[in-house]
Amino acid sequence: MARRDPHSYNDDTQLETETLALTARIDFATRVMHAEATLTFKRPGGGALDLDTRDLAIESVADQDGRELAFTLHPAEPFLGARLAITLPAATRAIKLRYRTSPDASALQWLEPAQTRGGKLPYLFSQCQACHARSIIPLQDTPRLRIRYTAELAIPRTLTCVMAAADRGRTEDGELAIHRFEMPQPIPPYLFAFAVGDLVSKDLSPRCRVWAEPAQVEAAAYEFADVEAMIGAAEALFGPYDWERFDILTMPPSFPYGGMENPRLTFLTPTVIAGDRSLVSVVAHELAHSWTGNLVTNANAEHFWLNEGFTMYAERRIVEALDGVEMASLHAALGRRELDESIERFKERPAMTRLRTDMSGIDPDDGYSLIPYEKGYFFLCALEAVVGRPAFETWLRGYLQTFRFGAITTDDFLANIEQGLPGALAKANASTWIDGEGVPASALPPRSKRLDAIESLHGKAPTAQAAAAWTATEWQLYLETVPRPASEELLTGLDAQFHLTASTNYDVLVSWLTLALHSGHHAVLPRVNEVLAAVGRMKYLRPLYTALANDPRTKAGAIETFAKLRAGYHPIARQMVEGVLGR
Ligand code: BES
Ligand code: ZN
């Protein structure tokens, strides 16, 4: 037997699932999904079968003819969940599992009406990456194995269900509405996704539509109006878009990520709706995953950089195509700063700063950082610099073509690039990037005139004239370069002149608030508490809680604030803040 994924009980000598048929009734009153999942195998067979589950109550298991099969649900292990062991009689083609989920299912967040925009109806959404699909479906929860699926979800008729799949219609039956979906392209289980709420949509182009609660749909449609141009730019770079539709779901504010690349239906935090389209690189990122990640998938979390590093490269190529090379360089410069900060944060666990990591015994949500993103990005830039852009692009397209709808390891990548661009790996010092800690000294620093202008301020306040031309990215870069602690005089002056505490661009706002907190500028505390209560995006919660926890004058207050807000945060965000506060 061989387990090839440290985060799954899957054994590669056992049968593999080809399709999933899911029917479920979603009960908001008890926060439970009552479900039936049919797993059909690639070929008939028998013997042991291990499935991943977490907090599932398994009611019965039967074969394709309805014959009951014995099963053992083993005790749960940390972050892996519980192994469901079934012995299949010879020539089993499919199994049907009846089960229900727990109100604490790690993939789900159930929202009270008060936690939504409209305030009247409840909301439910899933977030399966890294390994939470098993808390809603018993399956082989490893990205190495792709599945196609159909789903039939019964929900209260006052609500609407959307899914990262093709819509196959809605029928109503008494108090319930039944939504049918089909995912014709095979996906890794972490891309299974749905949401239920008071949702409406607006078309942006023949293949793009934005979904949101009624009160937000116009703002979302404005913010994401250019998405079709983005897809065009991405197709010109990486080849045809393979998923037919690219819809966007604007999430409730507690969504813990900036975005999640669920195929056909990207989930986006409402914090990207700044009103001026200044944060849409998050859309470029999730769109880029349609190639890097969703088409070519990392076989397990040890090769996560293949997913996110390539996506950062692709994201910045899209930004460059649409907004020019200066903008892309500014994004890369910010990325470099974030990379250095992340490496500092992991200084006690330096092995986690490698691109290829040993993840056995590590909860992927715990090990999450921007290192695979940004170190991966700078590594790919180093490779590009060695061979030149045209050759790199040709190789990249071939790579995407070769491995499309596949799952690969770092070794698969290495073999492919060595064949396509012989000698490039050695010239770029690939092994120090992949298996070395930190960032190689040879990493190319992003350069641009606008970046030089910011750096030449050495943290001093910009003139009104200079700042008037700054984009949100430049503001963020500037705020990141101000040495900490900054003087009270500088901070008061900046806020009086540029109204940073009142900024509605969350990236700028949180950079500002973090700088202020690290400098003991406690005038911003009310605004900090407002942000902590308004959003659950971890990118914002982490630096704010960290800054509060690092100052003995604000630590107790932060613990109190968290106690009050904890119930409204997503389970993954809760776990992260608990880590930061040492609870
Ligand atoms: N797939 C990730 C989000 C993710 C990663 C969820 C790991 C769970 C586990 C998504 O594509 C992502 O990277 N989002 C970023 C946005 C971005 C622009 C870097 C985020 O959430 O901040
Ligand atoms: Zn990503």
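# Buried cysteines, strand pairing and helix contacts

With a relative accessibility of 2%, cysteine 161 is classed as buried (under 20% relative accessible area; exposed is over 50% and partly exposed lies in between, with a 1.4 Å probe and protein chains only). This is a predicted model, in which local features need pLDDT of at least 70 and side-chain atom pairs count only at pLDDT 80 or more, while totals for chains, interfaces and linings use all residues. Residues are numbered from 1 along each chain as its sequence is written, chains are lettered from A and ligands numbered from 1 in the order written, and side-chain values use heavy atoms, without hydrogens and water.

**Cysteines.** Cysteine 208 is also buried, at 0% relative accessibility. The whole structure contains 0 disulfides (pairs of cysteine sulfur atoms within 2.5 Å). For cysteine 161, the closest cysteine sulfur belongs to cysteine 128 and is 13 Å away, so the two are too far apart for a bond.

**The open sheet.** An open sheet of 4 strands has the order β6-β7-β12-β9, with antiparallel pairing. Its edge strands, β6 (108–111) and β9 (160–163), each pair on one side only. From one strand to the next, the twist averages 10°. β9 pairs with β12 (residues 194–197) over 4 bridges in the antiparallel sense, and threonine 160 has glycine 197 of β12 as its bridge partner. Strands pair if DSSP finds at least two bridges between them; strands (E, at least two residues) and helices (H or I, at least four) are DSSP runs numbered from the N terminus.

**Partners of β5.** Strand β5 (residues 82–100) runs antiparallel to β2, to β3 and to β4. The table gives the bridges and one residue pair for each.

| Strand | Bridges to β5 | Residue pair (partner in β5 second) |
|---|---|---|
| β2 (residues 32–53) | 15 bridges | glutamate 36, arginine 98 |
| β3 (residues 57–63) | 6 bridges | aspartate 63, isoleucine 95 |
| β4 (residues 71–73) | 3 bridges | leucine 73, leucine 84 |

**Helices.** Helix α17 (residues 538–550) and helix α19 (residues 571–581) have axes that come within 9 Å and cross at roughly 20°. Axes are lines fitted to C-alpha atoms, for helices over the stretch in contact, and angles run from 0 to 180 degrees between N-to-C directions. The two helices, α17 and α19, are therefore roughly parallel (under 35 degrees; over 145 is roughly antiparallel, 65 to 115 roughly perpendicular, the rest oblique). On the α17 side the contact (heavy atoms within 4.5 Å) is made by Met538, Leu541, Arg542, Tyr545, Thr546 and Ala549. The α19 side contributes Ile572, Ala573, Met576, Val577, Val580 and Leu581.

In helix α8 (residues 410–420), Thr410, Phe413, Leu414, Asn416 and Ile417 are the buried residues. The elements covering them include α4 (304–323), α6 (371–387), α7 (389–402), β19 (406–408), α9 (424–427) and α10 (430–435).

**Two further sites.** Serine 278 sits in the loop between β17 (265–268) and α3 (281–288). With a relative accessible area of 25%, serine 278 is partly exposed. Beyond its neighbours within four places in sequence, serine 278 contacts Glu223, Ala472 and Asn505. From serine 278 to threonine 410, 132 residues apart along the chain, the C-alpha separation is 34 Å.

Threonine 473 belongs to helix α13 (residues 472–481). Its relative accessible area is 7%, and threonine 473 is thus buried. Leaving out residues up to four places away in sequence, threonine 473 touches Met327, Leu330, His331 and Leu334.
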